[in-house]
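Please keep the sequence and the coordinates side by side while reading the explanation below, which moves from helix packing to the sheets and then to single residues.

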Amino acid sequence: MAACPAGVDIRGNHYLIQQGNLDEAARNYLAVQPFPPITGRVCFHPCESACARARVDSAVNINAVEHVLGDWAAQMPLEKPVRRHISKVAVVGSGPAGLSCAWFLALMGYPVTVFEARPFPGGMLRYGIPAYRLPDDVVATQVRRLEEIGVRFCCNTRVGKGADVSLAELKRRGYKAIMLAPGTSASRRLELEGSDLPGVHWGLDFLSACRSDEKPVISGDVVVVGGGDVAVDAAITARRLGAARVHMACLESREEMPAYPHNQKDAEDEGIEFHCGFGPARLLQEDGRLVGLELHACTSLKGERGRKRPQVPEDRLPGQGIGQEPRHERGRVPADPQDPMAENVRPLDMEACFAEALRCMTCGSRSRIAYNDDCMTCFTCELRCPSGAIFVHPFKERFARTLDQVDVVKS
């Protein structure tokens, strides 16, 4: 739970699923993170790297359970919140941050309008993540649910200096607060001669074009420069759009590639070829046509800051006496030649979802005090926990004096 960026009560959700109470588990989830159908498909699930079950056999497949729970939540009826405030709020941008802000403001009773520059809401969810990972209808369903609770959307509307609507104009229209959530949709560009040639695409621009009516024509061999998750998405997309062979060239070694391991495996399964330890030197051209890319071996990565991963204290839960239970994985089907960008990951069936939730040991790792007025900070729970899983507070100077810590001195 400490490793979840959204602070989802993972242990509580699994307990509720174990009791067969999926409705309550879904409501528990929506209280802190409103789009589990989306995160269940695209979250990089750092929680699993910190799961204590990994010390027994393998981590609970938290993301797969979230996938099932998210689809369940999407079918639950919504009750339109009571309007409690007169002041209007404008949200600029309809990516994850903008949509989340609109959701919680609407639940608090504010009238909310979301302004989006593109034809459809969703931001990078709609235009940056390939459809095979996050189908359009999943994002559209979440937008409809926002509309059901009173959120308005104004698409094809740019906000800002020199745009369709200025911030001053929004204030004149009566918006008392403005949330700016423009996102990070600009591609990182390399200074290479010939980068303006036909056939050269920039990562996010390429993915965005593939999600719109400007889908590029792909044929022959394709080289993707970079080793991150955007590069992986671009490589798989190019492969599915008809590339004969797709190569990925990155400065890092295979062990240091920034892309998450599960995304690297997806690329391998799609037949992507990796060339690690190489960087682009120059684009090769003949008569104004792109004919190749020259790569140079990388001998040093000085100044690289590396990836940041959530760090949590060592979970002291022992594995003795806990039965081995196989981890349930989501199924995959081959890409459909008639619809290559269709989602090919299949969610767990309900039986497998319950079985996976039962693998959760509900160990209370990094437990927190829920009732501060009642807690006397005696640390008895931490001292007496049979699995050593409870960690009350990191800043204690020493435990309270208890019999557990008194050394018996024999005369």
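At roughly what angle do the axes of H4 and helix H12 cross, and within what distance do they come? In this predicted model, the axes of H4 and helix H12, the latter formed by residues 350-359, come within 9 Å and cross at roughly 125°. H4 and H12 are therefore oblique to each other, since an angle would have to be over 145 degrees to count as roughly antiparallel, and 65 to 115 degrees to count as roughly perpendicular. The crossing of H4 and H12 is left-handed. On the H4 side the contact is made by Val65, Val68 and Trp72, and on the H12 side by Met350, Cys353, Glu356 and Ala357. Sorted by character, the residues of this contact of H4 with H12 comprise 6 nonpolar, no polar and 1 charged.

Helix H4 (residues 62-74) also packs against helix H1 (residues 10-18), here at an angle of about 60° and with the axes 12 Å apart. H1 and H4 are therefore oblique to each other as well, and their crossing is left-handed. Ile10, Asn13, His14 and Ile17 of H1 meet Ile62, Val65 and Leu69 of H4 in this contact, and the residues involved divide into 5 nonpolar, 2 polar and no charged. Val65 of H4 thus takes part in the contact with H1 and in the contact with H12.

From the helices the path leads on to an open sheet of 4 strands, arranged in the order S3-S2-S1-S4 with parallel pairing. Its edge strands are S3, covering 152-154, and S4, covering 175-180, each of which pairs on one side only. Between neighbouring strands of this sheet there is an average turn of 25°, direction ignored. Within the sheet, strand S1 (residues 88-92) and strand S2 (residues 112-115) pair in the parallel sense over 4 bridges, and Val92 stands opposite Phe115 in S2. Helix H5, made of residues 96-107, lies across S1, S2, S3 and S4 and runs at about 170° to S2.

Helix H5 also enters the aromatic pairing, of which the structure holds 3 pairs. One of the pairs joins Phe35 and Trp103 in an edge-to-face arrangement, with 6.3 Å from centre to centre and 65° between the planes. Because Phe35 lies in the loop between helix H2 (22-30) and helix H3 (36-42) while Trp103 belongs to helix H5, the pair ties together parts that are 68 residues apart in sequence.

A further open sheet is built from 3 strands in the order S5-S6-S7, and its pairing is parallel. Strand S5 (221-225) and S7 stand at the edges with a single partner strand each, so one side of each is left without a neighbour in the sheet. Neighbouring strands of this sheet are turned against each other by 20° on average, direction ignored. S5 and strand S6 (residues 245-250) pair in the parallel sense over 5 bridges, and Val223 stands opposite His247 in S6. Helix H10, formed by residues 229-240, lies across S5 and S6 and runs at about 165° to S6.

Two residues help to show how this region is connected. Gly226 has its place in the loop between S5 and H10, and its C-alpha atom is separated by 5.9 Å from that of Ala249, although the two residues are 23 residues apart along the chain. Leaving aside neighbours within four places in sequence, Gly226 is in contact with Ala231, Met248, Ala249 and Cys250. Phe274, in turn, is found in strand S7 (residues 273-276), where its C-alpha atom is separated by 8.3 Å from that of Arg254, 20 residues apart along the chain. With neighbours within four places in sequence again left aside, the contacts of Phe274 are Met248, Arg254, Met257, Gln264, Ala267 and Glu268. Met248 is therefore in contact with Phe274 as well as with Gly226, where contact means heavy atoms within 4.5 Å.

The last stop is a pair of strands in the antiparallel sense, strand S8 (residues 278-286) and strand S9 (residues 289-297), which are joined over 8 bridges. Leu284 has Gly292 in S9 as its bridge partner. S8 and S9 form a hairpin with 2 residues between them, and Asp287 in the turn has a positive phi of about 50°.

Terms used
Residues numbered from 1 in each chain as written. Predicted model: local features only at pLDDT ≥ 70, side-chain atom pairs only at ≥ 80, totals over all residues. Heavy atoms only, no water. Pairing = 2+ DSSP bridges. Axes fitted to C-alpha atoms, helices over the stretch in contact; angles between N-to-C directions. Parallel < 35°, antiparallel > 145°, perpendicular 65-115°, else oblique. Left-handed = near helix turned anticlockwise from the far one by under 90°. Nonpolar A, V, L, I, M, F, W, Y, C, P; charged D, E, K, R; others polar. Phe/Tyr/Trp six-rings, centres within 6.5 Å; stacked < 30°, edge-to-face > 60°.
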